[in-house]
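Colleague: I would like to understand one helix at the end of this chain, rather than everything at once. Please take me through that single part slowly, and then show me how the rest of the model fits around it.

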Amino acid sequence: MAQTSAGLILAGGRGERFGGPKAFARLPDGRSFLAACTATLCLAGARPVVATVPPGSPDPGIEALTPLPLPEPDLDMFASMRLGLGRLLVEPDWEVAVVLPVDHPLVRPSTAQVLAVTVHGATAAVRPGYRGKHGHPIGLARRVAESIVDGRASGPTLREVLHSVVVADIEVDDPGVAANCNTSERLAAALRALR
């Protein structure tokens, strides 16, 4: 039976290496990274979808997305994730959070869907891999999200949290999970590889 999932896009950084916030960087088809990530999660069945965005950001106007402006600039990714998961936990009807950094806009919806249905039983998290390389997004059971928000799982990074829970690693046929498009050069290289 499929799990009910929610989506969290981590898009609150300034994107200095990209020349501006990666949330608003563009793919060749004209979509922003934020719009592409939202579409991936929605097509995978995630509801609701929340995105942390830089303080003072304009409303991105993306249907089905709840933007969550960060309270201050330069919050680290773990603090940003804690805020985003806290917003998701207001909603009662999900069991798995799929956490997608905005600099992974090439992930396929099928990958996010597989993550959502793989988290069950003793498994607390699921991490995808492509050709032996770990990637994103990460699927987190609701109980793990709760422990991050209430401080029982204090990080300081998601990697430390994953070391303390049962993680399932799954190999997926999706080069997007390992395509960290955090600079324009890396985006161009990832798009060439996908062709």
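Modeller: Let us begin on the outer side of the helix, where the face of α6 turned away from its buried side carries the exposed residues E185, R192 and A193. Exposed here means over 50% relative accessible area, buried means under 20%, and partly exposed is what lies in between, all with a 1.4 Å probe and with the protein chains only. Please keep in mind that this is a predicted model, in which local features need pLDDT of at least 70 and side-chain atom pairs count only at pLDDT 80 or more, while totals for chains, interfaces and linings use all residues. Residues are numbered from 1 along each chain as its sequence is written, and side-chain values use heavy atoms, with hydrogens and water left out.

The helix α6 covers residues 184–194, and its buried residues are L187, A190 and L191. These three cover an arc of only 100° around the axis, which puts them on the same side of α6; the arc is that of the directions from the helix axis to the C-beta atoms. The general background is that an α-helix has 3.6 residues a turn, so residues three or four places apart point the same way. Helices, as the word is used here, are DSSP runs of H or I with at least four residues, strands are runs of E with at least two, and both are numbered from the N terminus.

What does the buried side of α6 pack against? The partner is α1, residues 33–43, where packing rests on contact, meaning heavy atoms within 4.5 Å. The helix α1 is itself mostly covered, with nine of its 11 residues buried. Those buried residues are F33, L34, A35, A36, C37, T38, T40, L41 and C42. The cover over them includes α6 together with β1 (5–10), β2 (49–53), β3 (65–69), β4 (96–101) and α3 (109–118).

Just ahead of α6, the loop that leads from β8 (167–171) to this helix holds N182, a residue that is buried, with a relative accessible area of 6%. If its neighbours within four places in sequence are left aside, N182 is in contact with R17, F18, K22 and D103.

Now that you have seen what surrounds the helix, it is useful to follow the chain around its partner. After α1 comes G45, whose phi is positive, near 95°. Further on, R47 and P48 are joined by a cis peptide bond with omega of about -5°, and P48 belongs to the loop between α1 and β2. A second cis bond runs from H136 to P137, with omega near 10°, and P137 is found in the loop between β6 (133–134) and β7 (138–141). As a general rule, most residues other than glycine have a negative phi, and most peptide bonds are trans.

P137 also appears among the contacts of V126, which include L115, T118, V119, I138, G139, A168 and I170 as well, once neighbours within four places in sequence are left aside. V126 lies in strand β5, residues 125–130, and counts as buried at 0% relative accessibility.

Two residues other than glycine deserve a note for their positive phi. A64, with phi near 75°, is placed in the loop between β2 and β3 and counts as partly exposed at 43% relative accessibility. D74, with phi of about 65°, sits in the loop between β3 and α2 (77–88) and is exposed, with a relative accessible area of 57%.

Finally, we can step back to the whole chain, which has six helices and eight strands. In order along the sequence, they follow the pattern β-α-β-β-α-β-α-β-β-β-α-α-β-α. The radius of gyration is 15 Å, close to the 16 Å that the globule rule gives for 195 residues, so the protein is as compact as a globular protein of that length; this radius is taken over C-alpha atoms, and the rule is 2.2 Å times the number of residues to the power 0.38. Buried residues make up 50% of the 195 residues. Of the contacts with a separation of 6 or more, 67% come from residues 24 or more positions apart.
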